[in-house]
Amino acid sequence: MNPKLPYVLLVGAGVIIFILSCMLLSRGRRSPSCESQPHIVEKTGSTSQSLVFADLTPEELAQVVRYLQGNLGVQLVDASRAKPSDNCIASVDVQVPAKAEVLQFLDGGGARPRREALAVLYFGNQPDPNVTEYVVGPLPTPVYHRDVTVQKYGGKVPYHRRPMLGSEYEQVGAFLETVAFAAAPTFLKEVFEYDGTNVAFQTTAPHGFRSGDRKSWFIVFQNVSGFFVHPVGLEVLVDHSSLDISRWAVSRVFYNGQYYRDMVQLESAYVQGRISVEKVRKAPRDGDFSSMKPRAPAAALLPLQYEPQGPRYSVRNNHVLFQAWSFAFGMSVTTGLRLFDIRHKGERVAYEISVQEALSVYGSNCPGGMSTRYMDGSFGIGRYTSPLVRGVDCPYSATYVDTHSLSETLSPSKRKASLCIFEQNLGSPLRRHYSNLQSLYYGGLVNSALVVRSIATVGNHDYVWDFIFYQNGAIEGKVQATGYASSSFLHGDGLRYGNRVWEHTLGTIRTHSINYKVDLDVGGVKNSLVAHDMAFEMTRAPWSPEQQIERPRLTKKVLDTEDQAAFRLQSKMPRYVYFAANSKNKWGHQRGYRIQITSFAGDHIPEASSMERAISWARYQLAVTRRKEEEPTSTSVYNQNDPWTPTVAFADFINNETITNEDLVAWITAGFLHIPHSEDIPNTVTVGNSVGFLLRPYNYYDLDPSIYSHDGVFFTSEQDFTACEINPLACLPKTASCLPNFPPFTYDGFQNM
């Protein structure tokens, strides 16, 4: 035997042991953490310029309140405890400067516009109670205020049009419990086991049938989790029109299909045995069937998305940069999430994209349900923007932004994590092709987009508001509806108005309509509206004249007037409608952005209705008008409580003006019909309840701009597709071998309620 062999074997064994040890150690070692914070880009002028659109800071809000308290000459009560007969500040928000002034600043080197606030005040403690709007400025140290109410609305805003404050709801609740219910103790005790704590109320709107009314149906539910689907059959109509709370009264009572003059008559009829009683089984505090507590134990961890080299977007103040995109964002107290100065590849494509209103019209055979037409902007879509839960409402590693507001109080409030921004890999290609003809290659681009999101919980409804930015230059506005279905007590012919979803619960039919303002500036401020579509034409085959061919051809039409550009809800609309610039692309076509609507709306309320003009924006799936500073919104918060004499009637915007080569605004309505069903218990899912619109480049570029994305993948059959320089995806085992550095889970949604 070779004497060196044992030494060779010993050395070989040592090498093997060393290699195995290294492998085991490397497996046990924790991978490096990925970057987790957004890159902050200091070097961009538009970052500071975007502050012209920024929401008011807590300091600015406090300064406005101090100024109003010291300069109006009247006592201002904190709105959170104000009586109808008091003076109070309802809300303070930023007053966005006029567009011409802003563009002169952004594009023309002009002076920065004055920073101002818009304050809404209720004056109940004066001979002529009214709602007044003041512009207050300049910020941060205001020295003037001017009344803009008449300028905006053509006259004073009558006091009865004011949105209800939280304090007024509390006062009505106290009236029901201490005055109204005190008149029917036997009925309430024996039928509902009423103890002063086990019922909840939901109000309806509008409040009556004619201007000046302030009579509200209050629907009674069991006070449990998810109370919206626990009606007990009792509804009370309260007249709270008087500024003197002691003069409030019950106007009517409804129970299990029968109407009564008041609670006294209901009590008397019950005691005399003249009422058909339908006892509802008492639900536990968690709501039982309405509880959202999971019915299954936790199992394997859900899939997570992370950014191995850190976020590819930046957020500074109210300004966002993402690849070729940049924009400013804000949160209106009334209308919620809004965007300004949206640019792609440095060129502005839209000046403003904002939510305007969320309308729901209900049907029922109960009085509260059948009279409900909620206009959520009146309650405050931005005001009721809720804190977001990390990992559910948005991806865990998203960037969460706090917002500040002042509504129904004298002190600014912070809404923690009320807005999120994240890049999302949608798990599908934005574009791709696999070629197995002639040449062999694969080319593709993952569909990764930036999402800006807020979620508003207005009563029973939760609306998930998204604006999405794609790499091909498209923008999507989308809303997903969830939350609890509103319900009525099931009785009589109730199934004409919905589906039975529990023993005594009727899920009531309703329509949802969402209105957006889209101020496109395509290749400049002045645009025209053009419609392209198709038609079949018959022609003889040139190579065989005896044969005919049906071929589609392109149809083109310039829509010259506002009347031509107003498309009724259920009418046929051209499939390609776009804002056309005065410039052309390389191929001689007018550069444009196309509007594509995703909607399955129910029918609009008949125009013969006395309140229809207040929601006349919902007549149209799309209406394009000239942009005017005096037409900033399609509706008003004052329309909810006086729809019979609307403060703003969108129908008046459409007056056949010429819209060729003008600054134009698209008003887009998307909606859906919701007929609640058993799967809406415990509450409604977002799947299938998503509507919105897309803004897509249409000959705006010379080719698809996403071809310049760094995410593109291309390789041929002759290339080594495992090489990093050929195919970046081949390097993922190296470049993405890090563990996400997830921050601790926190939630502040239950603080400072």
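**Disulfides and a buried aspartate**

With -80° about the S-S bond, the disulfide of Cys394 and Cys420 is left-handed. Colleagues, I open with that link, and I should say at once that what we are looking at is a predicted model.

Where do Cys394 and Cys420 sit in the chain? Cys394 belongs to the loop between helix H10, residues 376–379, and strand S17, residues 399–407. Cys420 lies in strand S18, which spans residues 413–437. The two cysteines are 26 residues apart, and their pairing links distant parts of the chain. Their sulfur atoms are placed 2.1 Å from one another. Both Cys394 and Cys420 are buried.

How many disulfides does the model contain? The count is two. The other joins Cys724 to Cys731, with an S to S distance of 1.6 Å. Are Cys724 and Cys731 buried or exposed? Cys724 has a relative accessibility of 32%, and therefore counts as partly exposed. Cys731 has a relative accessible area of 10%; because the cut-off for buried is under 20%, Cys731 is classed as buried.

Two further cysteines deserve a brief remark on accessibility. Cys88 is buried, its relative accessible area being 2%. Cys366, at 0% relative accessibility, is buried as well.

I turn now to Asp93. This residue is located in strand S1, residues 87–95. Asp93 is buried, yet it has no salt bridge. Why is Arg338 not counted as a salt-bridge partner of Asp93? Arg338 is the nearest side chain of opposite charge, but it is 4.2 Å away, and a salt bridge requires a side-chain nitrogen of Lys or Arg within 4 Å of a carboxyl oxygen, so the pair does not qualify.

What, then, surrounds Asp93? A polar atom of the Asp93 side chain lies 2.9 Å from the backbone nitrogen of Val333. Leaving aside neighbours within four places in sequence, the residues in contact with Asp93 are Leu56, Ala117, Leu118, Met331, Ser332, Val333 and Arg338. Val333 thus appears both in that contact list and as the residue whose backbone nitrogen faces the Asp93 side chain at 2.9 Å.

Finally, a word on annotation. An unreviewed UniProt entry places the feature "domain: Copper amine oxidase catalytic" at residues 305–707. In the model, that stretch of chain is 2% helix and 55% strand. The C-alpha atoms at the ends of residues 305–707 are 24 Å apart.

Conventions
Residues are numbered from 1 along each chain as its sequence is written. This is a predicted model: local features need pLDDT of at least 70, side-chain atom pairs count only at pLDDT 80 or more; totals for chains, interfaces and linings use all residues. Side-chain values use heavy atoms; hydrogens and water are left out. A disulfide is a pair of cysteine sulfur atoms within 2.5 Å. Helices (H or I, at least four residues) and strands (E, at least two) are DSSP runs, numbered from the N terminus. Buried means under 20% relative accessible area, exposed over 50%, partly exposed in between (1.4 Å probe, protein chains only). Lys and Arg count as positive and Asp and Glu as negative; His and the chain ends are not counted. A polar contact is a pair of N or O atoms within 3.5 Å; within protein, one must be able to donate a hydrogen and the other to accept it, and residues adjacent in sequence count only if both atoms are side-chain atoms. Contact means heavy atoms within 4.5 Å. UniProt positions are given in the numbering used here, feature names are shortened, and annotations may be inferred rather than shown by experiment.
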